[in-house]
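Welcome! Take a moment to look over the protein below, then read on for a short guided tour.

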Amino acid sequence: MPFGNGDREVLRQISSQLGQAVADLAALKQQVADQQHTIDQIRQDATAAITTGLAEIRAVARDGLARTNEIATGPLANIGNELVAIRGNITQLGAQIQQAPTLAAAEPTSEAQPDDHTPELAPNPEPDDQAATEQPGDDPAILQAAAGISAATLHAHRDTWEFLVKHAGQDQHFHLPATATANEGAIEVAVSGPTLVAALTRLAAVNKTAADTGTAAIAGHLHARLTETIEEIVTRPHRGDGAEPVRIVIDDRAGPVDEEQ
């Protein structure tokens, strides 16, 4: 039998509901697509922010490490200089302690009564006066030229600088530099004129009086090198700007081989 009016109304309602369901499904799909787009945009923004943040963190870390190295290098160099000076003082004190028994044993001998059969020696004050006043290697012109130097750059090996501080560091005119630059075992320090005067006088004395031939040789070589540099100031004096700063390099090397030989 053909559908009646009631059946048609039911079919119309069903059709209307299906249409609404299709529309709702399309709207839901659009919402899901919009949400996915939003999620993708958030992911991209987060990735970009993380990448930028990591780059900034790396830059800050590199800058912090560089600043740390700059801050630490100067104090460490100063501590090294102070340790060298302390070591020199300890060495000198040890030498004085070793010499003390010898001096103590020699004093009674000088105060002992002379034997009747021992002839008296005539006093000879001249050598003692000369020994008390003369300082080996003290050339007044060289010392005055050294005293006039404002600052000289000394380039040498760490061991050479340690030797210089050890033997000249006790002099009243010797001053440890505030900073030092180290590079592959070598060291560069800025020394003053009074420090050069102290180095010259002390090295000359060590060269003349050291019992160890190696110590005497090192002291003599350093004294000669300092003197050579300062002699140029004596022969070609200049004051103020307009000339190269004084630079002392302790770095002897063999000359190039002659290819024609």
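Here is a briefing on the overall layout, one helix contact, one aromatic pair and one hairpin.

Keep in mind that this is a predicted model. The protein chain holds six helices and four strands, and 20% of its 261 residues are buried.

**Overall layout**

- If you follow the protein chain along its sequence, the helices and strands come in the pattern α-α-α-β-α-β-β-α-α-β.
- Take the contacts in the protein chain between residues at least 6 apart in sequence: 76% of them join residues at least 24 apart.

**Two helices that pack together**

- Two packed helices are described by the angle between their axes and the distance between the axes.
- Helix H3 covers residues 140–147 and helix H6 covers residues 213–235; they pack at an angle of about 85°, and their axes are 9 Å apart.
- Angles of 65 to 115 degrees count as roughly perpendicular, so H3 and H6 are roughly perpendicular to each other.
- On the H3 side, the contact is made by Ala-141, Ile-142, Ala-145 and Ala-146.
- On the H6 side, Thr-227, Ile-230, Glu-231, Ile-233 and Val-234 take part.
- Sorted by character, the residues of this contact of H3 with H6 are seven nonpolar, one polar and one charged.

**An aromatic pair**

- How many aromatic pairs does the structure hold? There is one, and it is formed by Trp-161 and Phe-174.
- A pair of aromatic rings is described by the distance of the centres and the angle of the planes.
- For Trp-161 and Phe-174, the centres are 6.3 Å apart and the angle between the planes is 35°, which makes the pair tilted.
- Trp-161 sits in helix H4 (residues 158–168), while Phe-174 lies in the loop between H4 and strand E2 (180–183).
- The two residues are 13 residues apart, and the pair links distant parts of the chain.
- Are these two residues buried or exposed? Buried means under 20% relative accessible area, so Trp-161, at 3%, is buried, and Phe-174, at 8%, counts as buried too.

**A hairpin of two strands**

- E2 pairs with strand E3 (residues 186–191) in the antiparallel sense, over four bridges.
- One bridge to find in the picture links Ala-182 with Ile-187 in E3.
- The hairpin of E2 and E3 has two residues between the strands, and Glu-184 takes a positive phi near 55° in this hairpin.
- In a regular strand the side chains alternate between the two faces of the sheet.

Key:
Residues are numbered from 1 along each chain as its sequence is written. This is a predicted model: local features need pLDDT of at least 70, side-chain atom pairs count only at pLDDT 80 or more; totals for chains, interfaces and linings use all residues. Side-chain values use heavy atoms; hydrogens and water are left out. Axes are lines fitted to C-alpha atoms, for helices over the stretch in contact, and angles run from 0 to 180 degrees between N-to-C directions. Angles under 35 degrees count as roughly parallel, over 145 as roughly antiparallel, 65 to 115 as roughly perpendicular and the rest as oblique. Contact means heavy atoms within 4.5 Å. Ala, Val, Leu, Ile, Met, Phe, Trp, Tyr, Cys and Pro count as nonpolar, Asp, Glu, Lys and Arg as charged, and the others, Gly among them, as polar. Rings of Phe, Tyr and Trp (its six-membered ring) pair if their centres lie within 6.5 Å; planes under 30 degrees apart count as stacked, over 60 as edge-to-face and the rest as tilted. Buried means under 20% relative accessible area, exposed over 50%, partly exposed in between (1.4 Å probe, protein chains only). Two strands pair if DSSP finds at least two bridges between them.
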